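Trainee: Could you take me slowly through one part of this model, the part that lies against the DNA, and show me how it fits into the rest? I would like one connected account rather than a list.

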Number of protein chains: 2
Amino acid sequence: MNEAHQVLIRNLNEQSRLEQEDVAEIGTFQCAVRNFEPNEDFIHQGEKPEFAALVVTGMVARYHLLSSGRRQYLSFHLPGDLPDAQGLFIEKMDHALCAIGPASVGFIPHRELLRAFRRRPNLGIAFWRETLLDAAIFREAITNNSARPMPVRMAHLFCELFYRSRGSALNRGNRCKVPISLVQLGETLGMGIATVNRTLRELRATGTVDFRDGDLTIVKWRDLQRLGDFSPDYLHMKRHR
Amino acid sequence: MNEAHQVLIRNLNEQSRLEQEDVAEIGTFQCAVRNFEPNEDFIHQGEKPEFAALVVTGMVARYHLLSSGRRQYLSFHLPGDLPDAQGLFIEKMDHALCAIGPASVGFIPHRELLRAFRRRPNLGIAFWRETLLDAAIFREAITNNSARPMPVRMAHLFCELFYRSRGSALNRGNRCKVPISLVQLGETLGMGIATVNRTLRELRATGTVDFRDGDLTIVKWRDLQRLGDFSPDYLHMKRHR
DNA sequence: CGCCTACTTGACTTACTTCAAAAACAGTGG
DNA sequence: CCACTGTTTTTGAAGTAAGTCAAGTAGGCG
C-alpha cells in the first residue's frame with residue numbers, strides 16, 4: 001500500500017461506496033510509478049496499452065492530434081483519476097496522454113484490474129462509474145466549446161478546474177495549480193492564442209478570476225459561476241465542501 | 001424475445017462477443033416499447049430514470065439545454081443503441097433525450113440489467129463497452145466542433161452518421177435517413193442557421209455529398225472522408241463492410 | 001549577457017453571426 | 001382543388017468577433 005493506492009482509494013471513495021474488501025483488493029494492485037516532465041507523452045494515439053494509468057501527483061491531459069498537426073485537448077486529470085480506464089475494453093487508443101507540468105503516474109496491469117473485478121464486482125462498478133463521469137465531462141466540453149461565447153467558455157473551464165481541484169482538496173483557499181500555457185488553453189477551448197490572451201484580460205477586468213503563471217485564483221466564486229454559466233451538477237460529486 | 005431484444009443482441013454482438021447464455025439472458029429482459037413523435041422528449045434533464053432506454057426504430061438524440069435557452073445536441077443514436085446507459089450508475093440526468101423523426105424506444109428496468117450483470121458478468125462488460133464507445137464519440141465531437149473549419153466539421157458529421165448507419169445496415173446503398181432539420185444541424189455543429197445553409201451548399205458543390213429532406217446521400221465516399229478529415233478508428237467497429 | 005520560450009499587443013483580414021425578408025413546402029380546412 | 005397558416009429553407013446585406021500575421025516585451029536559464 002503506497003501513495004498510488006491511497007490516492008486511488010480516496011478518489012473512488014468519493015464517487016462510490018467501497019467496502020473493506022474492495023479497499024483490501026486495491027491494496028494488492030501492482031502499480032509501477034514513473035515520473036514525467038512537463039509535456040511528456042506517456043501514452044500515444046494508436047497504442048494498445050496493457051496498463052491503466054493512474055495519476056498520482058501533478059496534472060495529466062488527454063488530447064487528439066489532427067492530421068493538420070493541430071492539437072485538441074480533451075480533458076485534464078487530477079491525482080486519483082484514471083485517465084485511460086477505457087483502454088480496458090477498447091483496444092486502440094484514439095487519443096494520447098501527456099503530463100501537464102511535472103507529474104507522476106502509476107501503471108496498473110489490465111489483468112490485475114480484470115481479476116479484481118471478478119473477485120469484487122463492486123469494484124468494477126466503481127471503475128465503470130469513473131468512466132461515466134468522464135463522459136459527462138466530455139459532454140459538457142462539447143457544449144462549452146460549441147455553444148458558449150469565448151469569455152463564458154473560458155470562465156466555465158476555470159470553474160470546472162477549480163471545483164474539481166477543491167473536490168480533491170488540491171486547492172489552497174481560493175487558488176489552485178493549473179500548469180498550462182496560453183497556447184494549451186487555446187487548444188482546449190478552440191480559440192487562437194491572441195484571443196486567449198485578450199479574453200483572459202477581459203476576465204481579469206471583471207474581478208472574478210485571475211490566471212497567470214500556471215496559477216488559477218478565484219476572486220469571486222459566485223460571480224464567476226454565473227459568468228461562466230457553470231452549474232456543477234454534471235460532475236456528480238457526492239461530497240460537497 | 002421481440003424486436004427490441006433482437007436489435008439489442010445484434011448491436012452488442014457487433015462490439016462484443018456474446019455467449020449463448022448472454023443472449024438467453026437478454027431474452028428474459030422486460031422491455032416496454034413506446035412510440036414517439038418527432039422532437040418528443042422522453043427523458044428530461046434532471047430526472048432520475050429507473051429504466052434504460054433502447055432505441056428500437058428511428059433515431060434518437062441527446063442534448064443539453066443551456067440557461068440561455070439554446071440547445072446543444074450531443075449525439076445521435078440508431079437502433080440497438082442504449083443512449084442513457086450511464087443512467088445505471090449516475091443518478092441524475094445531466095442532459096435530455098428526444099426522438100429525431102418518429103422513433104420507438106424500449107425501456108428496460110435498471111434492476112433487470114443489474115441482476116443480469118450479476119449472473120453474466122460478461123454482459124456487464126458488453127454494456128460497459130457501449131458506454132466507452134459513446135465516450136469516444138463525444139471526444140471526437142469536442143475535436144470536431146473546436147478544431148475543424150465549418151465545411152470540414154459538417155463533412156465529418158456526415159461521415160460519422162453514414163458510417164454508423166452502414167455499420168447497422170440501415171443504409172440503402174449510398175443513402176441513409178438523417179431526419180434532422182437545418183436548425184438542429186446547427187445546434188449540433190455549433191453554427192448559425194445561415195452558415196449551415198451556406199456550408200451545405202458549399203458541400204453539395206464539391207460533388208461529394210448531398211443532404212436534403214432528412215436524407216443523406218454520399219456521392220463520393222473517399223473524397224468526403226478526406227474532406228471531412230474522417231478516420232473511423234474512433235468508432236472502434238469490429239466488423240468492416 | 002544572450003538565448004529561448006511564453007506572453008502581449010497592434011493592424012489587418014476573413015469568417016461567421018445577426019437581422020430581415022422572401023421563397024418553398026406541408027398541413028389544414030373550406 | 002385551392003386559399004391560408006405555419007414552418008423550414010434560402011438568400012442578401014451589415015456588423016462584429018475572432019483568426020492570422022508580425023513585431024515587441026518580459027521572464028527564466030544557461
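Mentor: Let us begin with the relation between the two protein chains, keeping in mind that this is a predicted model. Chain A is superposed on chain B by a rotation of 180 degrees with 0.0 Å of shift along its axis, and the RMSD is 0.0 Å. That is the relation of a two-fold axis. The same surface serves both copies, since 97% of the contact residues of chain A recur in chain B.

Now look at where the two chains meet, where 35 residues of chain A are in contact with 34 residues of chain B. On the side of chain A that touches chain B, the elements that give two or more residues are β4 and α4 of chain A, and α4(A) gives the most, with 17 residues. If you sort the residues of that side of chain A by class, you find 15 nonpolar, 11 polar and 9 charged.

Within chain A, the domain assignment gives domain 1, covering 3-141, and domain 2, covering 149-235. The C-alpha centres of domain 1 of chain A and domain 2 of chain A lie 24 Å apart, and the contact between them takes 12 residues from domain 1 and 12 residues from domain 2. On the side of domain 1 of chain A that touches domain 2 of chain A, the elements giving two or more residues are β4 (71-77), β5 (96-109) and α4 (121-147) of chain A. Of these, β4(A) gives the most, with 4 residues, and the residues of this side of domain 1 divide into 7 nonpolar, 3 polar and 2 charged. Notice that β4 and α4 of chain A have now come up twice, for they are also the elements listed on the side of chain A that touches chain B.

With that frame in place, we can turn to the part you asked about, and we start with DNA strand D. There are 14 residues around DNA strand D, and those that come nearest are Gly192(A), Ala194(A), Thr195(A), Ser181(B) and Leu182(B). The elements that give two or more residues to this surface are α7 (193-206) of chain A, together with α6 (182-189) and α7 (193-206) of chain B. The largest share of the surface near DNA strand D, 5 residues, comes from α7(B), and by class the surface has 9 nonpolar, 4 polar and 1 charged.

For DNA strand C, 14 residues surround the strand, and the closest are Ser181(A), Met150(B), Gly192(B), Ala194(B) and Thr195(B). Here the elements giving two or more residues are α6 (182-189) and α7 of chain A together with α7 of chain B. The largest share of the surface near DNA strand C, 5 residues, comes from α7(A), and the residues of this surface divide into 9 nonpolar, 4 polar and 1 charged.

It is worth following α7 of chain A back into its own chain, starting with its neighbour α6(A). The axes of α6(A) and α7(A) come within 9 Å and cross at roughly 100 degrees, and the two helices are therefore roughly perpendicular to each other. On the α6(A) side the contact is made by Leu182(A), Val183(A), Leu185(A) and Gly186(A), and on the α7(A) side by Ile193(A), Val196(A) and Asn197(A). By class, this contact has 5 nonpolar, 2 polar and no charged residues.

A further helix, α5 (residues 150-167) of chain A, also meets α7(A), and their axes come within 10 Å and cross at roughly 75 degrees. These helices, α5(A) and α7(A), are therefore roughly perpendicular to each other. Met150(A), Pro151(A), Met154(A) and Ala155(A) of α5(A) make this contact with Thr195(A), Thr199(A), Glu202(A) and Leu203(A) of α7(A), and the residues divide into 5 nonpolar, 2 polar and 1 charged. When you return to the structure, look for Thr195(A), which takes part in the contact of α5(A) with α7(A) and is also among the residues that come nearest to DNA strand D.

Methods. Residues are numbered from 1 along each chain as its sequence is written. Chains are lettered from A and ligands numbered from 1 in the order in which they are written. This is a predicted model: local features need pLDDT of at least 70, side-chain atom pairs count only at pLDDT 80 or more; totals for chains, interfaces and linings use all residues. Domain bounds come from an automatic or database domain assignment. Two residues are in contact if their C-beta atoms, placed from the backbone, lie within 7 Å. Ala, Val, Leu, Ile, Met, Phe, Trp, Tyr, Cys and Pro count as nonpolar, Asp, Glu, Lys and Arg as charged, and the others, Gly among them, as polar. A residue is near a molecule or strand if its C-beta atom, placed from the backbone, lies within 6 Å of it. Copies are superposed by least squares on the C-alpha atoms of residues with pLDDT of at least 70 in both. Axes are lines fitted to C-alpha atoms, for helices over the stretch in contact, and angles run from 0 to 180 degrees between N-to-C directions. Angles under 35 degrees count as roughly parallel, over 145 as roughly antiparallel, 65 to 115 as roughly perpendicular and the rest as oblique.
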